[in-house]
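Let's take a walk through a protein together, starting with its overall layout and then moving inside. Have the picture at hand and follow along.

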Amino acid sequence: MDEALRDLERKARAGDDPRDREALRAAYRRAGLLPDSTNVRLSSLNRRILADSIVADHDCDDQCCEIAAALENGFVEVAAYLLINAIEAEAVDELLEDGRIDIFGTNMMGERFAWPRDWDSWVEWHHENAISCPGCGAFNYPNRWHTPEVCGNCQKSLVEARLL
Ligand SMILES: [Zn+2]
Ligand SMILES: [Zn+2]
């Protein structure tokens, strides 16, 4: 990162002049660090394109798979993020590289987060819904159609765990 950009960052952080933050955003954008659409939620068309690419790379209905759980429960950016960090994901990589779809959000300072936009709601969802297997500790995930009754990993009953 160059010195001029560092100076802008210092200024924007130190003061409360919104013009400094605007200038910083513009500089980030010029440096290619911030796509114009970063803070905008994905359009439904782009969500569908991203979801299709995730399925193309990882067509999975394993009840213990967090990628499948994220996708099926509407956390499409999280699903893409988990996927690209877990395995070779040709279709999703290509889609993210061309810059039209950005799964990361930014904070008020225009700084790009290193985690996807819908991460916090995913964590909340996970906390509420993931069923931890009393036998092996694996997470099992419900979806719209199905709530697992036995662990997908070790086959132990999950009924007790769900009552906890
Ligand atoms: Zn999977
Ligand atoms: Zn288990």
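Helices and strands here are DSSP runs, with at least four residues for a helix and at least two for a strand, and they are numbered from the N terminus. Keep in mind that what you're looking at is a predicted model. With that naming in place, try a spot towards the end of the chain: Gln155 sits in the loop that links strand 4 (139–140) to helix 8 (159–163). Gln155 isn't a glycine, yet it has a positive phi of about 70 degrees. Is Gln155 buried or exposed? It counts as exposed, because it has 11 C-beta neighbours inside 10 Å, and the cut-off for exposed is 12 or fewer.

Now step back and look at the whole thing. The protein chain holds 8 helices and 4 strands. Reading from the N terminus, you meet them in the order α-α-α-α-α-α-β-β-α-β-β-α. The chain has 164 residues, and 28% of them count as buried. As for how the chain folds back on itself, take the contacts between residues at least 6 apart in sequence: 51% of these join residues at least 24 apart.

Start at the front with helix 1, which covers residues 3–14 and includes Arg6. Arg6 has 10 other C-beta atoms within 10 Å, so it is exposed. Its C-alpha atom is 9.4 Å from that of Leu24, although the two residues are 18 apart along the chain. Lys11 is in helix 1 as well. Because Lys11 has 15 C-beta neighbours inside 10 Å, it counts as partly exposed. Between Lys11 and Ala23 there are 9.9 Å from C-alpha to C-alpha, with the pair 12 residues apart in sequence.

Next, let's go inside. The largest nonpolar core is made of 24 residues, and Ile67, Ala70, Ala79, Ala80 and Leu83 have the most contacts within it. At least two core residues come from each of helix 3 (44–57), helix 4 (66–72), helix 5 (76–86) and helix 6 (90–97). Which helix gives the largest share of this core? That's helix 5, with 7 residues. For a closer look at one core member, pick Ile67: beyond its neighbours within four places in sequence, Ile67 is in contact with His58, Cys60, Ala79, Leu82, Leu83 and Ala86.

Why is helix 5 described as largely enclosed by the rest of the structure? Because 8 of its 11 residues are buried. The buried ones in helix 5 are Val76, Glu77, Val78, Ala79, Ala80, Tyr81, Leu82 and Leu83.

Finally, see how the helices pack. Two packed helices are described by the angle between their axes and the distance between the axes. For helix 3 and helix 5, the angle is about 35 degrees and the axes are 10 Å apart. The contact brings together Arg47, Leu50, Ala51, Ile54 and Asp57 from helix 3 and Val76, Ala79, Ala80 and Leu83 from helix 5. Sorted by class, these residues are 7 nonpolar, no polar and 2 charged. The crossing of helix 3 and helix 5 is left-handed.

Helix 3 also packs with helix 6, at an angle of about 145 degrees and with axes 7 Å apart. Here Ile49, Leu50, Ser53, Ile54, Ala56 and Asp57 of helix 3 meet Glu90, Ala91, Val92 and Leu95 of helix 6. This contact has 7 nonpolar, 1 polar and 2 charged residues.

Terms used: Residues numbered from 1 in each chain as written. Chains lettered and ligands numbered in written order. Predicted model: local features only at pLDDT ≥ 70, side-chain atom pairs only at ≥ 80, totals over all residues. Core = buried A, V, L, I, M, F, W, Y, C linked by C-beta atoms within 7 Å. Buried ≥ 20, exposed ≤ 12 C-beta atoms within 10 Å, placed from the backbone. Contact = placed C-beta atoms within 7 Å. Axes fitted to C-alpha atoms, helices over the stretch in contact; angles between N-to-C directions. Left-handed = near helix turned anticlockwise from the far one by under 90°. Nonpolar A, V, L, I, M, F, W, Y, C, P; charged D, E, K, R; others polar.
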